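Q: I'm new to reading protein models, and I'd like to learn how to go through one feature by feature. Could we start with the way two helices sit against each other?
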Amino acid sequence: MPLFIREGQMIKYKSTEKILRIDKIAKSIFTISGIIIISILMAIMIFLLKESIPFFKEHGVIDFLFGTSWDPTSGVEEKYGIIPLFISTLMVSVGSLVISMPIGIGAAIFFSEYSKGKISDFIRYIMEILSSIPSVVIGFIGITLIGPFLAELTGTNNGFNAINGSILVALMTLPTIISISTDALKDVPKDMRDASISLGSTKWEAIIKIVVPYAKRGIFASFMLGVGRAIGETMTVVMATGNAPAIPKTFLDSVRTMTANIAIEMGEVPIGSKHYHALFAIGFVLFIITLLVNLLSNKITKRKI
Amino acid sequence: MKKIIAVIAIAFGIAIYAQKKAVEIAGSDTMLELAQALAEDFAKETGIEINVGGGGSGTGIARLINDTVDIANSSREIKDKEKKLAEEKGVKIYEVKLGIDAIAIITNPKNSVKNLTVEQLAAIYKGEVTNWKQVGGPNIAISLYGRQNNSGTYIFFREHILNNQNYSPKMMGMNGSAQIVEAIKNDKGGIGYVGIGYLNDVKGQVKIVTVNNMMPTDEKAVLSAKYPIARFLFQYVSDKRLEREEIRRFYKFALSKKGQDIVKMTGFYPLGEKKAKELNKEVFPLINK
């Protein structure tokens, strides 16, 4: 509604129409954007499914999901078992979270509760830089710096193993976890801290028992982003984890993640061969895992009110 | 403003035109340096540009079959499966032998083992032998380095040393021969296989082990097959691509004395002009059309 109606001006109805029309157009634009995103997601899923089904038809799902050997180019017997790849992905992802979650929350608490002003801004700036380092460079650091260091520390021959992969992936997911957790903690109203302290708690108690639980959802969301990044990381693990196809028994063994395997083998497969479709099957499994992780995290964040 | 657009458009046009004329070679990691050296000298002589990429022999051949590359470098022979796939796609593939490569077995200088028999080598790579002391060396676990399954070197080694048996699943898959060399420099239990072309600049940093008491750097031993791990270096090209004049000229160059000298310079064993003609009987008449 216009603010001033000049005498004799018949603008009341026209402007209402216009406003309603603008509203409708805006709604359509946003709806279309939403539909585009959903369509893209559906298209990706259908594409993955379409290219994996020939493999499942030819080879069978059980042997693929529970097979313990991946050797599609063997001269003896071609094997398409995903277990070694799955366990490798699991080890690197979980390993990286074990490192990045505690350090992440710790740093977030530091930024939100303890450090103020220029120093804090400076450190956060450094973190932004860390997060924009390309994964190939991180992989390179893994090969030249972290690998040999780990070898010395643990007495193994070399650093091409799951620990190396976990450390590198943690390096890449830390900035995200810290950033989002810090924001979540900062969003906690000041009154909560003040109230707690006024009731006699120490600053430490206030943080652990009041502030952090209040920011639970945001912190958990940051972990989920970390998990997603960890599962999908490809280049770094290809460079620094050795890519041995055996089922890894300890974190000091070489691992071959699902993503690394696809990246390594996709270049050589003739389009349309069984091997080609098998790689898509791995991609489909990754897609399903990501979907499940997201569904699970949604369920958990809804419960924690 | 219009002038700027015109200049940009012309620049684009030239770039696209130049790209169309450029020849694309991809494939074997082992042959990368050789192909690049050939491309460089060829470009100096004829002005024809050649872009050389890696990706592994398998990748190169796959691209050739998919018709996305002019020439595929390959350090192994084309598989029957690949030939069949090519036939199905209506692509006829010609094989050109460029030179001979010896594969060196390298270890860390701290490892005292000097020689391995082919049987010991096979046992190590199949995972049957896991400690250097089992072959007369120090008490260190063996770190197996190898290539990925898109590598011609990987396939060749498996065919000729392992008799097509499976590699040990503990063998690490490195992403190129250079990575194998770098890894073994720092791993006292490491063993790896690389084409000798990759050992030009690593004096003292890795150790070359003799196989059946022969060195891969011994020309006589390699050419007489006394050194047991030697192979042809191939290039594969399709009939469709051979119709391009640039590619025929390239082969004339590669199989001539100049080209063969370059093969020698990059660390491989040349066929020599005469033998090159002999071994490439099928392609020669097509090249000289």
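**Two helices, one angle**

A: Sure. In this predicted model, H2(B) and H11(B) are oblique to each other, because of the angle at which they pack. In general, two packed helices are described by the angle between their axes and the distance between the axes. Here, helix H2 (residues 32-46) of chain B and helix H11 (residues 257-265) of chain B pack at about 140 degrees, and their axes are 9 Å apart.

Q: What is the handedness of the crossing where H2(B) passes H11(B)?

A: The crossing is right-handed.

Q: Which residues of H2(B) and H11(B) meet?

A: From H2(B) you get Leu34(B), Ala37(B), Leu38(B) and Asp41(B). They meet Lys258(B), Gly259(B), Ile262(B), Val263(B) and Met265(B) of H11(B). Sorted by class, that contact has six nonpolar, one polar and two charged residues.

Q: Now burial. Why is helix H6 of chain B described as largely enclosed?

A: Count its buried residues. In H6(B), residues 152-160, seven of the nine are buried, so the rest of the structure largely encloses this helix. The buried ones are Gly152(B), Thr153(B), Tyr154(B), Ile155(B), Phe156(B), Phe157(B) and Arg158(B).

Q: What do the buried residues of H6(B) pack against?

A: Quite a list! Their partners in chain B are H3, strand E3 (71-74), strand E4 (93-107), strand E6 (143-146), strand E8 (190-195) and strand E10 (230-238).

Q: How do I judge a single residue, say Gly139(A): buried or exposed?

A: Count the C-beta neighbours around it, with 20 or more within 10 Å as the cut-off for buried. Gly139(A) has 22 inside 10 Å, so it counts as buried. You'll find Gly139(A) in helix H5 (residues 135-154) of chain A.

Q: Which residues does Gly139(A) touch, apart from those up to four places away in sequence?

A: Those are Leu168(A), Met235(A), Thr236(A), Met239(A) and Ala240(A). You can also check a distance: Leu171(A) is 32 residues from Gly139(A) along the chain, and their C-alpha atoms are separated by 11 Å.

Q: And exposed residues? Where is Asn163(B) placed?

A: Asn163(B) sits in the loop between H6 and E7 of chain B. With 10 other C-beta atoms within 10 Å, Asn163(B) is exposed. Look at its backbone too: phi is near 55 degrees, a positive value in a residue other than glycine.

Ala225(B) also has a positive phi, near 65 degrees, and is not a glycine. Ala225(B) belongs to the loop between helix H8 (219-223) and E10 of chain B. It is exposed, having 9 other C-beta atoms within 10 Å.

Q: How many residues are in the largest nonpolar core?

A: There are 142. Among the residues with the most contacts inside that core are Ile282(A), Ala35(B) and Tyr227(B). Helix H6 (residues 162-186) of chain A gives the most to the core, with 14 residues. Leaving aside neighbours within four places in sequence, Ile282(A) is in contact with Ile82(A), Leu85(A), Met258(A), Asn261(A) and Ile262(A).

Q: Last one: how many residues of chain B are in contact with chain A?

A: 30 residues of chain B are in contact with 24 of chain A. On the chain B side, helix H3 (57-65), helix H4 (80-88) and strand E7 (172-173) each supply at least two residues. H3(B) gives the most, with four. By class, this side of chain B has eight nonpolar, 17 polar and five charged residues.

Technical notes
Residues numbered from 1 in each chain as written. Chains lettered and ligands numbered in written order. Predicted model: local features only at pLDDT ≥ 70, side-chain atom pairs only at ≥ 80, totals over all residues. Contact = placed C-beta atoms within 7 Å. Nonpolar A, V, L, I, M, F, W, Y, C, P; charged D, E, K, R; others polar. Buried ≥ 20, exposed ≤ 12 C-beta atoms within 10 Å, placed from the backbone. Axes fitted to C-alpha atoms, helices over the stretch in contact; angles between N-to-C directions. Parallel < 35°, antiparallel > 145°, perpendicular 65-115°, else oblique. Left-handed = near helix turned anticlockwise from the far one by under 90°. Core = buried A, V, L, I, M, F, W, Y, C linked by C-beta atoms within 7 Å.
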